[in-house]
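These are my notebook entries on helix packing, the nonpolar core and salt bridges. The model is predicted, and I kept that in mind throughout.

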Amino acid sequence: MASEGSFNELIHAPMRLRICGLLRPIDRMDFAVLRDTLKVSDPTLSKHLKLLSDAGFVKMKKAASSTRTDSRRITWLSLTPAGERAFDEHLRALQAIGGGFIQSRTHQPS
């Protein structure tokens with residue numbers, strides 16, 4: 001029997017769930033691209049990333065950019081292995097919750 005997963009309160013918050021969902025299938029993403037995709041401000045995204053980083057779910061790495069002429073650096077974001085596991089477990093927990101509801105609805109007499 002497949003694991004029913006583990007519900008994660010930190011990841012479940014809508015913005016953090018979207019962040020994890022966007023980062024999960026890729027190796028890394030630029031902070032600015034994530035911010036623009038989510039249509040949020042820098043401070044809003046930073047707040048959520050800090051919570052995920054403090055939990056060990058997101059890694060942030062600053063690197064020089066070969067395409068910029070100024071000294072600003074790009075902040076690259078990625079899920080850590082622990083973040084990937086926590087997100088996957090959370091999705092399994094949501095599927096178990098939803099699957100139970102869907103199954104009970106399809107087996108009710110008319």
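**Entry 1: helix packing**

At what angle do α3 and α4 pack, and how far apart are their axes? I found an angle of about 110 degrees and an axis separation of 10 Å. An angle of 65 to 115 degrees counts as roughly perpendicular, and α3 and α4 are therefore roughly perpendicular to each other.

I then listed the residues where the two helices meet. From α3 these are Phe31, Leu34, Arg35 and Leu38; from α4 they are Asp42, Leu45, Ser46 and Leu49.

**Entry 2: the nonpolar core**

Next I looked up the largest nonpolar core, which has 19 residues. Which of its members touch the most other members? They are Ile19, Leu34, Leu45 and Leu49. At least two residues of this core come from each of α2, α3 (31-38), α4 (42-54), β3 and α5. The helix α2 gives the most, with 4 residues.

I followed Leu34 further, since Leu34 also belongs to the α3 residues that meet α4. Setting aside neighbours within four places in sequence, I recorded contacts of Leu34 with Ile19, Leu22, Met29, Leu45, Leu49 and Leu77.

**Entry 3: the buried side of α2**

I asked which residues of α2 are buried. The list reads Met15, Arg16, Ile19, Cys20 and Leu23. They span an arc of only 135 degrees around the axis, which places them on the same side of α2. For background, I noted that an α-helix has 3.6 residues a turn, so residues three or four places apart point the same way.

**Entry 4: Ser78**

I located Ser78 in strand β3, which covers residues 73-79. Is Ser78 buried or exposed? Its relative accessible area is 11%; the limit for a buried residue is under 20%, so Ser78 is buried.

Apart from neighbours within four places in sequence, Ser78 is in contact with Leu23, Asp27, Arg28, Phe57, Val58 and Lys59. Of these contacts, Leu23 also appears among the buried residues of α2.

**Entry 5: salt bridges**

How many salt bridges are there? The count comes to 6. I examined several of the pairs individually.

Arg24 and Asp88 form a salt bridge, with 2.8 Å between the closest N and O atoms. This pair connects distant parts of the chain, 64 residues apart: Arg24 lies in the loop between α2 (14-23) and β1 (29-30), and Asp88 lies in helix α5 (residues 81-106). Both ends are partly exposed, Arg24 with a relative accessible area of 28% and Asp88 at 22%.

Glu89 and Arg92 meet through their side chains in a salt bridge at 2.6 Å, N to O. These two residues are 3 residues apart in helix α5, so about one helical turn separates them. Glu89 is partly exposed at 24%, and Arg92 is likewise partly exposed at 31%. I also noted a network in which Arg24, Glu84 and Asp88 are joined by salt bridges that share partners.

The side chains of Arg35 and Asp36 form a further salt bridge, at 2.9 Å from N to O. Asp36 has a relative accessibility of 47% and counts as partly exposed. Arg35 is thus recorded twice in my notes, in this salt bridge and among the α3 residues that meet α4.

Notes:
Residues are numbered from 1 along each chain as its sequence is written. This is a predicted model: local features need pLDDT of at least 70, side-chain atom pairs count only at pLDDT 80 or more; totals for chains, interfaces and linings use all residues. Side-chain values use heavy atoms; hydrogens and water are left out. A salt bridge is a side-chain nitrogen of Lys or Arg within 4 Å of a carboxyl oxygen of Asp or Glu. Buried means under 20% relative accessible area, exposed over 50%, partly exposed in between (1.4 Å probe, protein chains only). Contact means heavy atoms within 4.5 Å. The arc is that of the directions from the helix axis to the C-beta atoms. A nonpolar core is a set of buried Ala, Val, Leu, Ile, Met, Phe, Trp, Tyr and Cys residues joined through side-chain atoms within 4.5 Å. Axes are lines fitted to C-alpha atoms, for helices over the stretch in contact, and angles run from 0 to 180 degrees between N-to-C directions. Angles under 35 degrees count as roughly parallel, over 145 as roughly antiparallel, 65 to 115 as roughly perpendicular and the rest as oblique.
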